[in-house]
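Subject: Structure handover

Hello,

Here is the structure you asked about. My notes on it follow below.

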Amino acid sequence: MGIFSLSCALFSCVSTDSATKEQVKLLDLPSFFQSEIKRLKETNPTITKTVRKDSLSEVKQIKIENWDTELASFVAIDINKPAYDGYVHIDSVDNLVTYTVTNPDLDLSCIQIQYKNGKVNDIIIERKVKNSLYNTTEFLEYRKNDSYTVEKNQSVIAVGDNYYKIEGKF
């Protein structure tokens, strides 16, 4: 996770193009993940799934019964929402596109998309949500035909800190 966080930070410093006042159409992440969900339902792969909650973890070989639920955190990310309009800087180096959200009041921080043979291959998403009740940082990583990760740190007033990580390997 550290390497990808660092690369988000590094690439966000060198802006080669930025969104203007007009809405720029960026990669439609919900559609991408809906097509991946459809593909995974059809292929029904057995995965090695690791679930970690704080210091406890469990690993199982399973078939996912509901890919919609399994990848819901990914489907929920939509960089084309009007709230992000004008706050997205786009950096592109070789086959890597980085979207950096410049408004700290918004939940998205950085999205990196790695292309292979002109098609989306890897997606890395960093989110941060801060309000009067809790602070949450979330790291999502999807590597087509390889793995997916959902990692979350949350600090809730009167409840304390929670950490969890879900990782699936195809």
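What is the volume of the largest pocket? It comes to about 150 Å³. Please keep in mind throughout that this is a predicted model.

The pocket

The lining of the largest pocket is made up of Thr100, Val101, Asn103, Pro104, Asp105, Leu106, Asp107, Leu108, Ser109, Lys128, Val129 and Lys130. The elements that supply two or more of these residues are β5, β6 and β7. With three residues, β7 has the largest share of the lining. By character, the lining residues split into five nonpolar, three polar and four charged.

Overall layout

The protein has 170 residues, of which 36% are buried. Its secondary structure consists of four helices and 10 strands. Reading from the N terminus, the order is α-β-α-β-β-α-α-β-β-β-β-β-β-β. Of the contacts with a separation of 6 or more, 44% are between residues 24 or more positions apart.

The core

In soluble globular proteins, nonpolar side chains tend to be buried together. In this model the largest nonpolar core holds 31 residues, and Tyr99, Ile111 and Ile123 have the most contacts inside it. Two or more core residues come from each of α2 (29-43), α4 (72-75), β4 (88-93), β5 (96-101), β6 (108-116), β7 (119-130), β8 (134-143) and β9 (147-156). The element that gives the most is α2, with five residues.

Which residues does isoleucine 111 touch, if those up to four places away in sequence are not counted? They are Leu29, Ile77, Ile79, Val97, Thr98, Tyr99, Ile123, Ile124 and Ile125. Two of the names in that list, Tyr99 and Ile123, are also given above among the residues with the most contacts inside the core.

Threonine 136

Threonine 136 sits in strand β8. Is this residue buried or exposed? Its relative accessibility is 8%, and the cut-off for buried is under 20%, so threonine 136 counts as buried. Its side chain makes a polar contact of 3.1 Å with the side chain of glutamine 154. Apart from neighbours within four places in sequence, threonine 136 is in contact with Arg127, Lys128, Val129, Lys152, Asn153 and Gln154. Of these, Lys128 and Val129 also appear in the lining of the largest pocket.

Glutamine 61

Glutamine 61 belongs to strand β3. At 57% relative accessibility glutamine 61 is exposed, because the cut-off for that class is over 50%. The side chains of glutamine 61 and threonine 48 are joined by a polar contact of 2.6 Å. Thr48 is also one of the residues in contact with glutamine 61 once neighbours within four places in sequence are left aside, and the others are Thr46 and Ile47. The C-alpha atoms of glutamine 61 and lysine 49 are 6.2 Å apart, with their positions 12 residues apart along the chain.

Aspartate 54

Where does aspartate 54 lie? It is in the loop between β2 (46-53) and β3 (56-63). Its relative accessible area is 31%, which falls between the limits of under 20% for buried and over 50% for exposed, so aspartate 54 is partly exposed. Its side chain makes a polar contact of 3.0 Å with the side chain of lysine 53. Leaving aside neighbours within four places in sequence, aspartate 54 is in contact with Asp161, Asn162 and Tyr163. The C-alpha atoms of aspartate 54 and tyrosine 164 are separated by 5.9 Å, although the two residues are 110 residues apart along the chain.

Two residues with positive phi

Asparagine 117 and alanine 158 are worth listing for their backbone angles. Asparagine 117 has a phi near 55°, a positive value in a residue other than glycine. Asparagine 117 is located in the loop between β6 and β7, and at 74% relative accessibility it counts as exposed. Alanine 158 is not a glycine either, and its phi is positive at about 70°. Its place is the loop between β9 and β10 (160-169), and with 86% relative accessibility alanine 158 also counts as exposed.

Regards

Terms used:
Residues are numbered from 1 along each chain as its sequence is written. This is a predicted model: local features need pLDDT of at least 70, side-chain atom pairs count only at pLDDT 80 or more; totals for chains, interfaces and linings use all residues. Side-chain values use heavy atoms; hydrogens and water are left out. A nonpolar core is a set of buried Ala, Val, Leu, Ile, Met, Phe, Trp, Tyr and Cys residues joined through side-chain atoms within 4.5 Å. Buried means under 20% relative accessible area, exposed over 50%, partly exposed in between (1.4 Å probe, protein chains only). Contact means heavy atoms within 4.5 Å. On a 1 Å grid over the protein atoms alone, a cavity is a set of points where a 1.4 Å probe fits but cannot get out, and a pocket is an open set with protein on both sides within 12 Å along at least five of seven lines; lining residues have an atom within 4 Å of a point. Grid points are joined across faces, edges and corners, and a volume is the space filled by probe spheres set on the points. Ala, Val, Leu, Ile, Met, Phe, Trp, Tyr, Cys and Pro count as nonpolar, Asp, Glu, Lys and Arg as charged, and the others, Gly among them, as polar. A polar contact is a pair of N or O atoms within 3.5 Å; within protein, one must be able to donate a hydrogen and the other to accept it, and residues adjacent in sequence count only if both atoms are side-chain atoms.
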